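Ready for a few short exercises on ligand shells and salt bridges? Keep the viewer open and try each task before reading its solution.

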Amino acid sequence: MENFKKLLDEAKKCVRCGICNSVCPTYNVLRKESVGPRGRVALIRERATTGDGAGFGKEFAIDLKACTLCGSCLGSCPRDVDVPKLILGARTAVVESEGLSVGAGLVFKNFLAPGKLAGLALKTASRLKRLLLKSSVGENGLLRRFSLPIIGKGRLVPNLADIFFLDRPEVKKLARVEAKEGRPRIGFFAGCGINYLMPEVGVATIKAVTDLGADLIIPSKQVCCGMPALSAGDRKTAKELAIKNLNAFEDEDLDYITTSCATCSNALKSVFLELLGDDPEHQERVQRFTSKVRDVTELLANELSYKDKGDKKEGLVTWHDPCHLSRYQGVREEPRELILKSGYAFKGMKNPCKCCGLGGGLVFSDYELSIEVTKKKAQNILSTKASIVATACPGCIVQLRDALHRYTPKDELIPKVVHVLELL
Ligand code: SF4
Ligand code: SF4
């Protein structure tokens with residue numbers, strides 16, 4: 001099978017030096033060879049050698065799931081072994097030979113494509129939340145009222161929006177915007193995090209972009225970027241979602257396409273190309289689409305030249321680099337430039353690009369390991385004495401809020417976690 005041959009060729013580049021283990025967040029918590037990049041490559045090599053997928057069983061998938069896909073190992077490897085790609089390839093092989101779990105299949109096929117089951121189920125959940133959960137004092141999140149199976153004690157869960165971003169009347173109005181001379185036309189991709197959990201970030205994006213003299217168009221037929229499905233090995237669904245998004249944005253005459261979620265901007269910019277770039281039916285379309293994509297921090301700092309307004313604001317801000325922004329897209333300067341121009345004082349933290357622990361589905365497959373990975377990040381944030389942590393990914397925001405709620409000493413104020421656009 002072609003897929004196994006590709007996995008094997010990549011895995012064979014590894015010389016087992018172990019340099020990658022020192023930067024791997026999961027290895028650094030568990031100190032176990034099978035949850036470090038070197039061990040994962042060895043496991044994939046061993047299983048791919050059979051060449052027929054027989055070796056990719058459910059048990060093997062457990063070790064593969066304990067990877068955040070942060071990409072730290074790739075940057076450290078002297079042989080350029082693409083471990084995250086290998087892990088994604090092996091997860092896909094597991095799904096191809098064993099199928100998806102019933103729960104994952106339901107979520108990817110229905111919940112991540114608005115307009116189907118998602119709307120009804122999530123709206124019901126949004127109403128139920130008051131029954132099961134209560135607001136935490138001073139933080140943006142909810143705590144359980146009584147013992148619940150999925151939500152561990154003390155876990156701060158994100159608040160499901162009362163009205164989803166794409167359902168808001170002011171957002172629906174932006175599905176069609178007349179072209180105006182001299183005003184750049186920017187397509188906005190909301191993504192699930194902003195749509196379901198943080199509509200306020202979407203609202204801040206509309207304001208920031210329109211204040212800079214551009215028009216924001218929010219196509220109503222957009223769906224999930226496909227990263228949750230792809231991370232779980234469901235490449236087929238990821239591809240279907242990418243095509244739906246091409247269809248949704250293609251009707252508009254756009255100068256740029258942007259999003260305020262770093263995971264989504266990486267998906268729209270690179271993953272779509274990887275999924276559809278070799279497909280003769282979609283090749284040209286996807287190249288045209290991806291060439292227009294900018295993370296919102298790039299768009300504001302570069303294309304729309306965000307200027308310092310000269311205001312001075314109360315509070316010390318620190319910055320967390322999302323893996324999908326700094327490592328996968330190489331965007332590091334732009335968000336820092338925006339913070340410096342926002343009027344807040346800035347203090348960088350130690351190891352700002354260390355993974356937050358949520359990615360790759362780890363927060364769902366092993367919450368305890370995931371939040372343990374975030375512990376070091378929380379300590380680095382607390383050492384800065386910053387009152388605000390800014391970042392550019394709703395997933396990182398959820399994880400950092402939970403970790404700071406858990407790890408901030410009782411006599412200290414819990415830093416607020418926001419999207420960098422909320423500072424502008
Ligand atoms: S750094 Fe590269 S070559 Fe060395 S063990 Fe890790 S993956 Fe293998
Ligand atoms: S992608 Fe991150 S978590 Fe996964 S093996 Fe590499 S360093 Fe470890």
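The exercises below work through a predicted model.

**Exercise 1. Describe the surroundings of ligand 1: which cavity holds this ligand, and which residues are around it?**

Step 1. Start with the site: ligand 1 sits in the largest cavity.

Step 2. List the neighbours. Around ligand 1 are C14, V15, R16, C17, G18, C20, R38, C77, P78, R79 and V81.

Step 3. Sort them by class. The shell around ligand 1 holds 7 nonpolar, 1 polar and 3 charged residues.

**Exercise 2. Do the same for ligand 2, and find which elements give two or more residues to its shell.**

Step 1. The site of ligand 2 is the second largest cavity.

Step 2. Two or more shell residues come from each of α2 (25-30), α3 (37-48) and α5 (72-76).

Step 3. Now the residues themselves: C24, P25, T26, P37, R40, C67, T68, L69, C70, G71, S72 and C73 surround ligand 2.

Step 4. By class, this shell around ligand 2 splits into 7 nonpolar, 4 polar and 1 charged.

**Exercise 3. Take the salt bridge between D215 and R183, and decide whether each partner is buried, partly exposed or exposed.**

Step 1. Recall the idea behind such a pair: side chains of opposite charge can pair when their charged atoms come close.

Step 2. Check the distance. The closest N and O atoms of D215 and R183 are 3.0 Å apart, and the cut-off is 4 Å.

Step 3. Place the partners along the chain. D215 belongs to strand β4 (residues 215-217), while R183 is in the loop between α9 (169-172) and β3 (185-189), so the pair, 32 residues apart, links distant parts of the chain.

Step 4. Apply the accessibility limits. D215 has 7% relative accessibility, and buried means under 20%, so D215 is buried. R183 has a relative accessible area of 28%, so R183 counts as partly exposed.

**Exercise 4. Where do K375 and E372 lie, and how accessible are they?**

Step 1. Both K375 and E372 are in helix α20 (residues 367-384), 3 residues apart, which is about one turn of the helix.

Step 2. Their side chains form a salt bridge at 3.9 Å, N to O.

Step 3. K375 is at 31% relative accessibility, so K375 is partly exposed. E372, with 34%, is partly exposed too.

**Exercise 5. How many salt bridges does the model have by this rule, and which residues does a network join?**

Step 1. The count comes to 16 salt bridges.

Step 2. Salt bridges with shared partners join R176, R185 and E252 into one network.

Notes:
Residues are numbered from 1 along each chain as its sequence is written. Chains are lettered from A and ligands numbered from 1 in the order in which they are written. This is a predicted model: local features need pLDDT of at least 70, side-chain atom pairs count only at pLDDT 80 or more; totals for chains, interfaces and linings use all residues. Side-chain values use heavy atoms; hydrogens and water are left out. A residue is near a molecule or strand if one of its heavy atoms lies within 4 Å of it. On a 1 Å grid over the protein atoms alone, a cavity is a set of points where a 1.4 Å probe fits but cannot get out, and a pocket is an open set with protein on both sides within 12 Å along at least five of seven lines; lining residues have an atom within 4 Å of a point. A molecule sits in a cavity or pocket if more than half of its atoms lie within 2 Å of its grid points. Helices (H or I, at least four residues) and strands (E, at least two) are DSSP runs, numbered from the N terminus. Ala, Val, Leu, Ile, Met, Phe, Trp, Tyr, Cys and Pro count as nonpolar, Asp, Glu, Lys and Arg as charged, and the others, Gly among them, as polar. Buried means under 20% relative accessible area, exposed over 50%, partly exposed in between (1.4 Å probe, protein chains only).
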